[in-house]
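Me: I have a structure to look at and would like to learn how to read it. Could you take me through some of its features?

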Amino acid sequence: MKPFIVISIIILMSACSKKTETKKENPAPSKEKTLIKETIKMEKLTLSQANKLAKLPVDCINVEYPNKLNQTIGSGDDLQSPKELHPTFYGCFDWHSSVHGHWSLVSLLKQFPDLENAEKIKTQLLQNISKENIEKEVAYFDGLYNKSYERTYGWAWLLKLAEELHTWKDETARELEKNLQPLTDLMVQKYIEFLPKLRYPIRVGEHTNTAFGLTFAWDYANTVNNTILKTVIEKRAKEFYLKDGDCPLTWEPSGYDFLSPCLQEAAIMKRVLPKNEFKKWFSAFLPALKKQDFAFPVGEVSDRKDGKLVHLDGVNFSRAWALYKIIKDMPEYHHLKNIANEHINYSLPNLVGDSYEGGHWLGSFAIYALNSIDND
């Protein structure tokens, strides 16, 4: 028996030796290779997508109820219907969503003159944004309790609408821009008066986020060359954010966020700082983003029929548009484009046919994110 045992052991040792040699000949993939992701493709809006997305604001800008007025009641005279209080922006559940619903239609018409029902949409815009209706919208802000109404989220979207009209080369746009101008001027004045009073920035991931409000206001001021507004925004942005560092990105998102506090701050600083200064600031503000293996999971929505939980679809779109702006002309951060595309890909398929909780506003976020893509 002993010779048989010895022979068996020798055979086993020989087999193990061959297996070891085989492993050496075919080494496992290196850790570095497994970190490289395939490029996630994302293209700008197409006419087909635009027609689908246009249905969202078309189906809500003249829908009065349900409605969230966010109103402070000063007396019985204030107890009026949404359309009586806001003859232009009464639909889409709340004032600011109505504003960016109108922006969506203007943006889509500007990009796609052959949009389905284009003339009908233009007629509806002219009816809503009429001279008489805008006068009533302006008057609302003169109310005793309405000075801070929609500050600054609604203000920002109103200026984004004004900017879109200003850059749309169309006769309808000229009439709409003229009709809207008194409310546009009021929003500009409100920014100029309010920003010097704001001692500390608001860093939440919802409507009152200061960086978001500054970003859209800057874009408007830059487009129409309003140097006074630009100067105020640049001064306050630097005072608020220039000394910031190591933004806690791992704390995001909070449960109801539709904005990224860290990325929105970076987006406004990209606008107001010279390129070299921004690179230095950004490297200290979000150092992890320069790593090629940086990971940033999407905001996951557990229930799209919940009006607050669906905010996380919004955070995916707003993260994307902020990242596109941040990485522009900065090739060392080009890998972040994959992350931006991934965020859009997660939420975009859920918009059409979604419940009203998301449908009344998320289309605007999707359109703005897709408009922000730079495929160069």
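Me: How many residues lining the second largest cavity are nonpolar, polar and charged?

Reply: To read a lining, sort its residues by character. This is a predicted model, and in it the lining of the second largest cavity has six nonpolar residues, two polar and two charged. Among the residues around this cavity are Leu69, Pro82, Phe89 and Trp95, along with Lys68 and Asp94. The space inside is about 40 Å³.

Me: And which residues line the largest cavity?

Reply: Look for Leu56, Pro57, Cys60, Gly101, Ser104, Gly359, His360, Trp361, Gly363 and Ser364. Here the division is four nonpolar and six polar, with no charged residue. Helices H3 (47-58), H5 (95-111) and H17 (362-371) each bring at least two residues to this lining. The largest cavity holds about 50 Å³ of space, and the count of cavities of 30 Å³ or more is two.

Me: Now the helices. At what angle do the axes of H8 and H9 cross?

Reply: For a pair of helices, read the distance and the angle together. The axes of H8 (residues 153-166) and H9 (residues 171-194) cross at roughly 140 degrees and come within 9 Å. The crossing is left-handed. On the H8 side the contact includes Trp155, Leu158 and Leu165, and on the H9 side it includes Leu176, Met187 and Phe194. Of the residues in this contact, 15 are nonpolar, two polar and three charged.

Me: Which residue forms a salt bridge with Lys110?

Reply: For a salt bridge, find the two side chains and then ask where each sits in the chain. Lys110 pairs with Glu164, at 2.9 Å from N to O. Lys110 belongs to helix H5 and Glu164 to helix H8, so to speak of the sequence, these distant parts of the chain are 54 residues apart. The structure has 17 salt bridges.

Me: Where are cis peptide bonds found?

Reply: Check the omega angle of the bond. One cis bond joins Arg151 and Thr152, with omega about -10 degrees. Thr152 is in the loop between helix H7 (131-140) and H8. Another runs from Glu252 to Pro253, with omega near -5 degrees, and Pro253 lies in the loop between helix H11 (227-241) and helix H12 (261-272).

Me: One last angle: what is phi of Asn70?

Reply: Phi of Asn70 is near 50 degrees, a positive value in a residue that is not glycine. You will find Asn70 in the loop between H3 and helix H4 (82-85).

Conventions: Residues numbered from 1 in each chain as written. Predicted model: local features only at pLDDT ≥ 70, side-chain atom pairs only at ≥ 80, totals over all residues. Heavy atoms only, no water. Axes fitted to C-alpha atoms, helices over the stretch in contact; angles between N-to-C directions. Helix = DSSP H or I, 4+ residues; strand = E, 2+ residues; numbered from the N terminus. Left-handed = near helix turned anticlockwise from the far one by under 90°. Contact = heavy atoms within 4.5 Å. Nonpolar A, V, L, I, M, F, W, Y, C, P; charged D, E, K, R; others polar. 1 Å grid on protein atoms, 1.4 Å probe; cavity = no way out; pocket = protein on both sides within 12 Å on 5 of 7 lines; lining within 4 Å. Points joined across faces, edges and corners; volume = space filled by probe spheres on them. Salt bridge = Lys/Arg side-chain N within 4 Å of Asp/Glu carboxyl O.
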